[in-house]
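Subject: Structure handover, with notes on pockets, salt bridges and a surface patch

Dear colleague,

Here is the structure I promised to pass on to you. Please have it open while you read, as my notes follow directly below it.

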Amino acid sequence: MTYDATETTPDYSAVRVRMHANARLEAFVAAFEQAVPELSQADALARLAEDGDWSAFTRGLQWEAPSGFVRVWSWSPSDLMRHAGNATSSAVWLIVNHAIAARLFRHDPAAMLYSPLRLEAHAAPDAGTILSFDVPSARLRGFGINKVTQAGAELDRALGDLLEDLGLPRPAALRR
């Protein structure tokens, strides 16, 4: 079967932040995963099946995850990449703030390309940690929808708050 389709190719910019912290990777990963608890889609759906109250669901997450973010996916590529000859330890996460994601989805479901947020941390050669992520508002601004842009700014603030909670300075790109 074939489908007719039209396409648009909007340009947008990305801003990547790369932070070099003096924390050991293992300590940083443990602190991050404690601050951003895991919540699978199956667990989220099970909670919502109890009463279907979205507001209560997102309020309840604030007790478990004061930052508002939960981990929906984690990957440690290190074991696999060692077979390719690279011994650098690394962790990758997708984190989501469900309340903000719901607003993004309402205004344009394609905004889910950038919610959840992807973060990567790896061991630096000097025993520190390098954390990298894209600034949410930079990507979301490309949708040209004011409400999506506003939600992107909220994600910037929430991500900056999370980083401060982890003992890191708020990156200049996340200051408003």
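Before I come to the pockets, one term has to be settled: helices (H or I, at least four residues) and strands (E, at least two) are DSSP runs, numbered from the N terminus. Please also keep in mind that this is a predicted model.

I begin with the second largest pocket, in which about 210 Å³ of space lies. Its lining is made up of Leu39, Ser40, Gln41, Ala44, Leu45, Leu48, Trp54, Phe57, Val72 and His98, and the elements that give two or more residues to this lining are α2 and α3. Helix α2 provides the largest share, 4 residues. By class, the lining holds 7 nonpolar and 3 polar residues, with no charged residues among them.

The largest pocket contains about 310 Å³ of space and is lined by 17 residues, of which Pro116, Leu117, Arg118, Asp134 and Arg139 lie nearest its centre. At least two lining residues come from each of β3 (90-96), β4 (117-123), β5 (129-134) and α6 (136-140), with β4 giving the most, 4 residues. Here the lining divides into 11 nonpolar, 1 polar and 5 charged residues, whereas the lining of the second largest pocket has no charged residues.

Turning to charged pairs, the structure holds 10 salt bridges, and I describe some of them here. Arg47 forms one with Glu64, in which the closest N and O atoms are 2.7 Å apart. Because Arg47 lies in helix α2 (residues 41-51) and Glu64 in helix α3 (residues 54-64), the pair ties together parts that are 17 residues apart in sequence. Arg47 counts as partly exposed because its relative accessibility is 31%, and Glu64, at 40%, likewise counts as partly exposed. The helices that hold this pair, α2 and α3, are also the elements named above for the lining of the second largest pocket.

Another group of charged residues is found further along the chain, where Arg157, Asp161, Glu164 and Arg170 are linked in a network of salt bridges. Within this network, Arg170 pairs with Asp161, the closest N and O atoms being 2.2 Å apart, and Arg170 also pairs with Glu164, where the corresponding distance is 3.2 Å. Is Arg170 buried or exposed? With a relative accessibility of 15%, Arg170 counts as buried, because buried means under 20% relative accessible area. Its two partners fall into another class, since Asp161 counts as partly exposed at 28% relative accessibility and Glu164 counts as partly exposed at 41%.

Finally, there is a nonpolar patch on the surface, formed by Val72, Trp73, Trp75, Leu80 and Met81, which together have about 450 Å² of accessible area. Both β2 (70-75) and α4 (78-82) supply at least two residues of this patch, and the largest share, 3 residues, comes from β2. One of the patch residues, Trp75, lies in strand β2 and counts as partly exposed because its relative accessibility is 38%. Val72 appears twice in these notes, as it belongs to the nonpolar patch and also lines the second largest pocket.

With best wishes

Note on methods. Residues numbered from 1 in each chain as written. Predicted model: local features only at pLDDT ≥ 70, side-chain atom pairs only at ≥ 80, totals over all residues. Heavy atoms only, no water. Patch = residues over 30% accessible without salt bridge, like charges linked within 9 Å, V, L, I, M, F, W, Y side chains within 5 Å. Areas by Shrake-Rupley, 256 points an atom, 1.4 Å probe, with all protein chains shown as cover. Salt bridge = Lys/Arg side-chain N within 4 Å of Asp/Glu carboxyl O. Buried < 20%, exposed > 50% of the residue type's maximum accessible area, 1.4 Å probe, protein only. 1 Å grid on protein atoms, 1.4 Å probe; cavity = no way out; pocket = protein on both sides within 12 Å on 5 of 7 lines; lining within 4 Å. Points joined across faces, edges and corners; volume = space filled by probe spheres on them. Nonpolar A, V, L, I, M, F, W, Y, C, P; charged D, E, K, R; others polar.
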